[in-house]
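Here is a friendly tour of one protein chain and one of its helices. Have the picture in view as you read.

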Amino acid sequence: MTKELVLIESITPQAANLIVEEHSSSKQSYLSGIMMMAEIENGNGRRYPIGELTTAVKNVNERIAEGLSVFGELNHPDNLQIDLNNVSHIITEMRMEGNNALGKARILNTPKGQIVKAILEGGGKLGVSSRGSGNVNEGRVSGFSIVTVDIVATPSAPKAYPNHVMEALNGDKKI
């Protein structure tokens with residue numbers, strides 16, 4: 001007597017050369033522009049030296065390259081932990097240009113992300129602000145370690161109001 005087996009044959013869409021045609025007008029919502037500023041006194045009375053900011057941006061890019069999500073929240077919490085209930089965006093890229101850290105953040109379809117989208121689509125301007133740890137001596141920051149960049153109403157860096165950008169899902173562009 002032979003034992004009956006369940007046989008399931010499967011093939012991945014890639015192996016089958018499956019082509020799916022879709023028409024979608026879906027667009028991703030991003031904030032793109034200045035995220036942090038070095039060598040100026042910010043609204044909190046702190047000054048981030050260019051070397052500190054460059055290192056922080058490098059560390060963010062390493063996390064992104066490792067496949068880690070650099071989540072950001074709507075508003076700054078009072079701690080360094082990311083609360084997934086408050087996540088509104090993911091930092092997708094950062095780079096230094098002069099004294100400015102430029103970045104791009106994809107707004108997520110989370111409850112907090114929906115608030116961000118509604119504000120932006122309603123014509124509101126939102127800022128961003130870094131969250132991290134470090135030492136402050138006479139207003140000068142050293143040993144800066146960045147956790148993320150959060151979306152805020154009033155950023156401490158005077159020009160940290162990135163632009164709202166809508167892009168097609170397959171049309172991601174580098175900043």
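We begin with the whole chain and then turn to a single helix.

Keep in mind that this is a predicted model. The protein chain contains 2 helices and 7 strands. Read from the N terminus, the elements follow the order β-α-β-β-β-α-β-β-β. Among contacts in the protein chain with a separation of 6 or more, 65% join residues 24 or more positions apart. Some overall values are gathered here.

| Property of the protein chain | Value |
|---|---|
| Share of the 175 residues that count as buried | 35% |
| Accessible surface | about 10,800 Å² |
| Share of the accessible surface belonging to carbon and sulfur atoms | 50% |

Now look at helix α1, which covers residues 50-65. With 16 residues at 1.5 Å a residue, α1 should span 22 Å, and its end C-alpha atoms are indeed 22 Å apart, so the expected and modelled values agree.

Which residues of α1 are buried? They are Leu 53, Ala 56, Val 57 and Val 60. Seen down the axis of α1, these buried residues fall within an arc of 95°, and therefore they line one face of the helix. What do the buried residues of α1 pack against? Their partners are the strands β1 (27-37), β2 (70-73), β3 (87-97), β4 (100-107) and β6 (140-152).

On the other side of α1, Lys 58 and Ala 65 are exposed. Follow the chain a little further: just after α1 comes Gly 67, which takes a positive phi of about 90°.

Terms used: Residues numbered from 1 in each chain as written. Predicted model: local features only at pLDDT ≥ 70, side-chain atom pairs only at ≥ 80, totals over all residues. Heavy atoms only, no water. Helix = DSSP H or I, 4+ residues; strand = E, 2+ residues; numbered from the N terminus. Expected span 1.5 Å × (residues − 1). Buried < 20%, exposed > 50% of the residue type's maximum accessible area, 1.4 Å probe, protein only. Arc of directions from axis to C-beta. Contact = heavy atoms within 4.5 Å. Areas by Shrake-Rupley, 256 points an atom, 1.4 Å probe, with all protein chains shown as cover.
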